[in-house]
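Me: Could you take a close look at one part of this model with me, the aromatic residues and their surroundings? Please keep it chatty.

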Amino acid sequence: MESPRTSKPAVKSPVAAATIPAPTKAQVLAALPFGRQNYLLMLAGIAVILIGFFVMSLDKTEFGFGALGLTVGPLIVISGFIIEFFAILRK
């Protein structure tokens with residue numbers, strides 16, 4: 001009496017593997033981690049961060065201890081990082 005374990009496993013032919021259809025453009029776009037809006041928000045966040053550093057450089061007091069260097073500029077930079085945070089997490 002033969003057991004079912006002695007039967008040979010099925011062999012996949014290389015022809016069957018070659019017939020896999022190529023993914024469509026919609027499938028490729030769905031597989032990407034970020035969309036167009038994510039990248040636009042990232043660029044906006046980088047721009048806001050750069051504006052914040054520029055505002056900090058406008059402070060003319062000694063060692064940048066004025067209102068622009070200590071308050072306004074850092075708040076703008078932090079808001080740029082918050083925009084970056086939402087750009088990364090937005091789906």
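To get our bearings before that, what share of the 91 residues in the protein chain do buried residues make up?

Reply: Buried residues come to 15% of the 91 in the chain. Keep in mind that this is a predicted model. As for the overall layout, the chain has 4 helices and 0 strands, so reading from the N terminus you get α-α-α-α. Its accessible surface is about 7800 Å², and carbon and sulfur atoms hold 73% of that. If you take the contacts with a separation of 6 or more, 61% of them are between residues 24 or more positions apart.

Now for the aromatics. A pair of aromatic rings is described by two things, the distance of the centres and the angle of the planes. The count here is 3 aromatic pairs. One of them joins Phe34 and Tyr39: the ring centres are 5.9 Å apart and the planes sit at 80°, which makes the pair edge-to-face because that angle is over 60 degrees. Phe34 has a relative accessible area of 25%, so it counts as partly exposed. Tyr39 lands in that class too, with 44% relative accessibility; the cut-offs for partly exposed are 20% and 50%.

Another of the pairs is Phe63 with Phe65. Here the centres are 6.3 Å apart and the planes are at 55°, so this pair is called tilted. That angle falls between the 30 and 60 degree limits, which is why neither stacked nor edge-to-face applies. Phe63 and Phe65 are both exposed.

Back to Tyr39, since there's a bit to follow from there. Tyr39 belongs to helix H3, which covers residues 36–57. Measure along the sequence and Ile88 is 49 residues away from Tyr39, yet in space their C-alpha atoms are 8.7 Å apart. Ile88, in turn, is part of a nonpolar surface patch of about 630 Å², alongside Ile78, Ile82, Phe85, Phe86 and Leu89. Leu89 from that patch sits in helix H4, residues 67–89. With 55% relative accessibility, Leu89 is classed as exposed because the cut-off is over 50%.

So, if you're clicking through the model, try this route: begin at the edge-to-face pair of Phe34 and Tyr39, go across from Tyr39 to Ile88, and finish on the nonpolar patch that includes Ile88 and Leu89.

Key
Residues numbered from 1 in each chain as written. Predicted model: local features only at pLDDT ≥ 70, side-chain atom pairs only at ≥ 80, totals over all residues. Heavy atoms only, no water. Helix = DSSP H or I, 4+ residues; strand = E, 2+ residues; numbered from the N terminus. Buried < 20%, exposed > 50% of the residue type's maximum accessible area, 1.4 Å probe, protein only. Patch = residues over 30% accessible without salt bridge, like charges linked within 9 Å, V, L, I, M, F, W, Y side chains within 5 Å. Areas by Shrake-Rupley, 256 points an atom, 1.4 Å probe, with all protein chains shown as cover. Salt bridge = Lys/Arg side-chain N within 4 Å of Asp/Glu carboxyl O. Phe/Tyr/Trp six-rings, centres within 6.5 Å; stacked < 30°, edge-to-face > 60°. Contact = heavy atoms within 4.5 Å.
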